[in-house]
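I opened this notebook to keep track of what I look up in one structure. The entries follow the order in which I checked things.

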Amino acid sequence: MSHRSIGSPRPAVSAVAEMSELIELLEVVWERGRDTASAAPVSSAQARVLFLVEANEQLNLRELGRLLEAAPPSVTRLCDRLQAVGYLERHPGADDRREVLLRLTPAGRTYLERLRDRRQEVLAEAMAAMPEASRAALATGLADFCAAVAKPLRLPAPNSFTTRTA
């Protein structure tokens, strides 16, 4: 990554460029982690479904589609595949049996745990090469960033991100 001054006239633009570059690198790392976490192939879109279902209690298909910004048929196909590999369960709603609620299975939780473990190993190696002050600044900045991103996705509060990385 290039080094840009935070005190520059356009620090937000600089931070966005740095974050974009970081995300591209993380996508490569994430894919490697996803490929080694399980024998059952899970696409990036399916992994997003698992993360959202885990983070949002009583998530239904309609709300999942809204969070993914995806059409109902696409959401249904994603859930079909995850149910077929045993990572997701669908249950009728208590108040409206037409509503379909989504829950992770124990196998789905295990998959996410292994995925997180693998990704944490890779990130720990990279972060060990950073100076301690940079790691501390990164942790503070990422906590604030997570709070900003998590709110519209109805994800847990940022303090819960300190014990999990995904």
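Entry 1, terms and model. I call a residue buried when its relative accessible area is under 20%, exposed when it is over 50%, and partly exposed in between. I also note that this is a predicted model.

Entry 2, cysteines. I looked up C79 and found a relative accessible area of 0%, so C79 is buried, being under 20%. C146 has 24% relative accessibility, so I put C146 down as partly exposed. I then asked how many disulfides a search of the whole structure finds. The search gives zero disulfides.

Entry 3, the chain overall. I counted elements next and have six helices and three strands for the chain. Read from the N terminus, their order is α-α-β-α-α-β-β-α-α. The chain has 166 residues, and buried residues make up 27% of them. I also looked at contacts in the chain between residues at least 6 apart in sequence. Of these contacts, 53% join residues at least 24 apart.

Entry 4, how I describe packing. Two packed helices are described by the angle between their axes and the distance between the axes. I wrote down both values for each pair below.

Entry 5, helix 3 with helix 4. The axes of helix 3 and helix 4 are 9 Å apart, and the packing angle is about 110°. Angles of 65 to 115 degrees count as roughly perpendicular, so helix 3 and helix 4 get that label. On the helix 3 side I listed L61, L64, G65 and L68 as making the contact. On the helix 4 side the contact residues are V75, L78 and C79. I sorted the residues of this contact into six nonpolar, one polar and no charged. The buried C79 of Entry 2 is thus a residue I meet again in this contact.

Entry 6, the loop between these two helices. I found E69 in the loop between helix 3 (61-68) and helix 4 (72-84). Is E69 buried or exposed? Its relative accessibility is 74%, so E69 counts as exposed. I also noted that phi of E69 is near 55°, a positive value in a residue other than glycine.

Entry 7, helix 2 with helix 4. The axes of helix 2 and helix 4 come within 10 Å and cross at roughly 85°. Helix 2 and helix 4 are therefore roughly perpendicular to each other. Helix 2 contributes A45, Q46, V49 and L50 to the contact. Helix 4 contributes L78, C79, R81 and L82. The contact of helix 2 with helix 4 divides into six nonpolar residues, one polar and one charged. I see that L78 and C79 are in this list and also in the list for helix 3 with helix 4.

Entry 8, helix 2 with helix 5. For helix 2 (residues 44-55) and helix 5 (residues 106-128), I have axes that come within 11 Å and cross at roughly 110°. That makes helix 2 roughly perpendicular to helix 5. I recorded the crossing of helix 2 and helix 5 as left-handed. From helix 2, the residues L50, F51 and E54 make the contact. From helix 5, the residues are R109, Y111, L112, L115, R116 and R119. What kinds of residues make up this contact of helix 2 with helix 5? I wrote down five nonpolar, no polar and four charged. L50 appears here and in the contact of helix 2 with helix 4.

Entry 9, after helix 2. I looked up Q58, which sits in the loop between helix 2 and strand 1 (59-60). Q58 has a relative accessible area of 51%, so I marked Q58 as exposed. The C-alpha atoms of Q58 and L101 are separated by 5.9 Å. Along the chain, Q58 and L101 are 43 residues apart.

How values were computed:
Residues are numbered from 1 along each chain as its sequence is written. This is a predicted model: local features need pLDDT of at least 70, side-chain atom pairs count only at pLDDT 80 or more; totals for chains, interfaces and linings use all residues. Side-chain values use heavy atoms; hydrogens and water are left out. A disulfide is a pair of cysteine sulfur atoms within 2.5 Å. Buried means under 20% relative accessible area, exposed over 50%, partly exposed in between (1.4 Å probe, protein chains only). Axes are lines fitted to C-alpha atoms, for helices over the stretch in contact, and angles run from 0 to 180 degrees between N-to-C directions. Helices (H or I, at least four residues) and strands (E, at least two) are DSSP runs, numbered from the N terminus. Angles under 35 degrees count as roughly parallel, over 145 as roughly antiparallel, 65 to 115 as roughly perpendicular and the rest as oblique. A crossing is left-handed if the near helix is turned anticlockwise from the far one by less than a right angle, and right-handed if clockwise. Contact means heavy atoms within 4.5 Å. Ala, Val, Leu, Ile, Met, Phe, Trp, Tyr, Cys and Pro count as nonpolar, Asp, Glu, Lys and Arg as charged, and the others, Gly among them, as polar.
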